[in-house]
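Let's take a walk through this structure together. Please have the sequence and the 3D view at hand as you read.

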Amino acid sequence: MNASSTGKSVSVPLRVIVGVGGGIAAFKAAHLVRYFTEQGHHVNVIPTRSALKFVGAATFEALSGNPVSNDVFDNIDEVQHVRLGQEADLIVIAPATADLLARLAQGRADDLLTASCLVATCPVVLAPAMHTEMWEHPATRDNVSILRSRGTVVLEPAHGRLTGKDSGPGRLPEPDHIGELAEAAAHDRRIYRHSLAGKKVVVSAGGTHEALDPVRYLGNASSGRQGYALADVAAQRGARVTLVAGVTEELPIPSGANLVRVKSAREMQQAVTEAARDADVVIMAAAVADYRPASVADSKLKKGGEAALNSLELTENPDILAGLVEARRAGDVASSTKIVGFAAETGDESHTPLEHGKAKLLRKGCDLLMCNEVGDGKVFGQRSSQGWLLHPEGDSVAVTEIPFGSKLEVAARIWDGIESLSRASGD
Ligand code: CTP
């Protein structure tokens, strides 16, 4: 699987098994099947017997273009109960009910889905959905730990409205979101290992809008995707996440993240600074406007009016990243807090993007800086990225190349870099 440079699609076709457990969210599996087929993957759906009480086999057959069965005795002449699992590149089970998690943890093989999981050597991704009490029950916690310790990817459920009037963790994430998370795990199943459990992280994402008058603003084209991907991977790795989002595309909220919405650079500074006080890691992935209009008109500016629109007086915005480094120096942010910046560079006659990135890292004083080359349709608004992760070493800069991949894959490599830095400093 590889993302195309247009970022539109991610893929070389995979053989994907979509397993469906018997929960009310089984209907969302139909959308997941569609997501995978639209990405060009070959899909076989294996529902449990109880899943078929919620959605009929015909729906899954029509959407996948393949016959559906759920019994180990179906198509016995083709030895289907081992063939499908052996041939799969990826198994995704959504929803994974509490009962299914228990059966998988025990290594049962009493239906086609569990038997397929038992023979599979490919990544297996489970998207649990159940009532909060079931998700938090010690039996389920143990089953999840057992499965994770064996290398099965157990995604964190979303928080929100459940089947009845209750709400909390246990909701199935949106199907496209599960699809993207699972595709990233197909590359590297360790992408969501639980290595950030107990950590608090703050991620800023998106662009800022700097008001000119009640209807106009100065802004930029940041989609917020890389910041959301960083928050996503951190949440899946078990961290408590505060996501300070400026202006972004409409993106799914990472599971369990505390989402703080802001518009301007100054609002972002306030939210990030407040959340950074007790954070282990702060990542400034946002594209913060360097300048804002010196004054904001109370009413809409008029063409040819006194406050003319043909020239703008600007004033500099605070540098949030540099401010965080300064606050750490002053003791307002813990000395163990890791501070990570981004640099989107184009390069010019005298310097390459990497040279600009290195200079920026030393200037800003942060611990790591993710540098991308942008322009010509690269990175901004795309689903994929690549670049260099920079780390100061005395007066020079150590460079780790981040290869081309989806923004989730890039996010995982950035987190790997942050985690190894924390380990090296004993935090
Ligand atoms: N940043 C920030 N506050 C600002 C501007 C930038 O915190 N007012 C952060 C960004 O979130 C990013 C890093 O600083 O992590 C680098 O952003 P960039 O815009 O590339 O830096 P600038 O210092 O504005 O450099 P340039 O002159 O290249 O625009």
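What follows starts at a strand and its partners, then moves to the annotated positions and the ligand, and ends with two serines.

Please keep in mind that this is a predicted model. A good place to begin is strand β3, which spans residues 90-96. Of its 7 residues, 7 are buried, so the strand is largely enclosed by the rest of the structure. The cut-off behind that statement is a relative accessible area under 20%. If you look along β3, you will find that L90, V92, A94 and A96 point one way, while I91, I93 and P95 point the other way. The residues on both of these faces are buried.

Which strands pair with β3? One is β1, residues 15-20, which is joined to β3 by 4 bridges and runs parallel to it. To find the register here, look for V16, which stands opposite L90 of β3. Another partner is β4, residues 124-128, again with 4 bridges and a parallel course. In this pairing, I91 of β3 stands opposite V124 of β4.

Now let's turn to the annotated positions. The unreviewed UniProt entry places the feature "binding site" at D290, K300, P318, D319, I320, L321, F342, K360 and K364. These positions are spread over 75 residues of sequence, and they are spread in space as well, with up to 37.6 Å between C-alpha atoms. From this set, the lining of the largest pocket takes in D290, P318, D319, I320, L321, F342, K360 and K364.

Two aspartates from that record are worth a visit. D290 sits in the loop between β13 (281-284) and β14 (291-293). Is D290 buried or exposed? Its relative accessibility is 55%, so D290 counts as exposed. Beyond its neighbours within four places in sequence, D290 is in contact with T315, E316 and N317. D319, in turn, is found in the loop between β15 (314-316) and α12 (320-330). With a relative accessible area of 34%, D319 is partly exposed. A polar atom of the D319 side chain lies 2.9 Å from the backbone nitrogen of A322.

Next comes the ligand itself. Around the ligand there are 13 residues, of which M284, A286, L321, K360 and K364 come nearest. Which polar atoms meet it? A polar backbone atom of P318 is 2.9 Å from a nitrogen atom of the ligand, and a polar backbone atom of I320 is 3.0 Å from a ligand nitrogen atom. From K360, a polar side-chain atom lies 2.5 Å from an oxygen atom of the ligand.

From A286, one of the residues that come nearest to the ligand, you can step across to S204. This serine lies in strand β8, residues 200-205, and a polar atom of its side chain is 3.2 Å from the backbone nitrogen of A286. S204 has a relative accessible area of 1%, and is therefore buried. Not counting residues up to four places away in sequence, S204 touches G227, V244, M268, V272, I283, M284, A285 and A286.

Our last stop is S264, in the loop between β12 (258-261) and α11 (265-276). Although S264 is in a loop, its relative accessibility is 15%, so S264 counts as buried. Leaving out residues up to four places away in sequence, S264 touches T208, H209 and E210.

How values were computed
Residues are numbered from 1 along each chain as its sequence is written. This is a predicted model: local features need pLDDT of at least 70, side-chain atom pairs count only at pLDDT 80 or more; totals for chains, interfaces and linings use all residues. Side-chain values use heavy atoms; hydrogens and water are left out. Buried means under 20% relative accessible area, exposed over 50%, partly exposed in between (1.4 Å probe, protein chains only). Helices (H or I, at least four residues) and strands (E, at least two) are DSSP runs, numbered from the N terminus. Two strands pair if DSSP finds at least two bridges between them. UniProt positions are given in the numbering used here, feature names are shortened, and annotations may be inferred rather than shown by experiment. On a 1 Å grid over the protein atoms alone, a cavity is a set of points where a 1.4 Å probe fits but cannot get out, and a pocket is an open set with protein on both sides within 12 Å along at least five of seven lines; lining residues have an atom within 4 Å of a point. Contact means heavy atoms within 4.5 Å. A polar contact is a pair of N or O atoms within 3.5 Å; within protein, one must be able to donate a hydrogen and the other to accept it, and residues adjacent in sequence count only if both atoms are side-chain atoms. A residue is near a molecule or strand if one of its heavy atoms lies within 4 Å of it.
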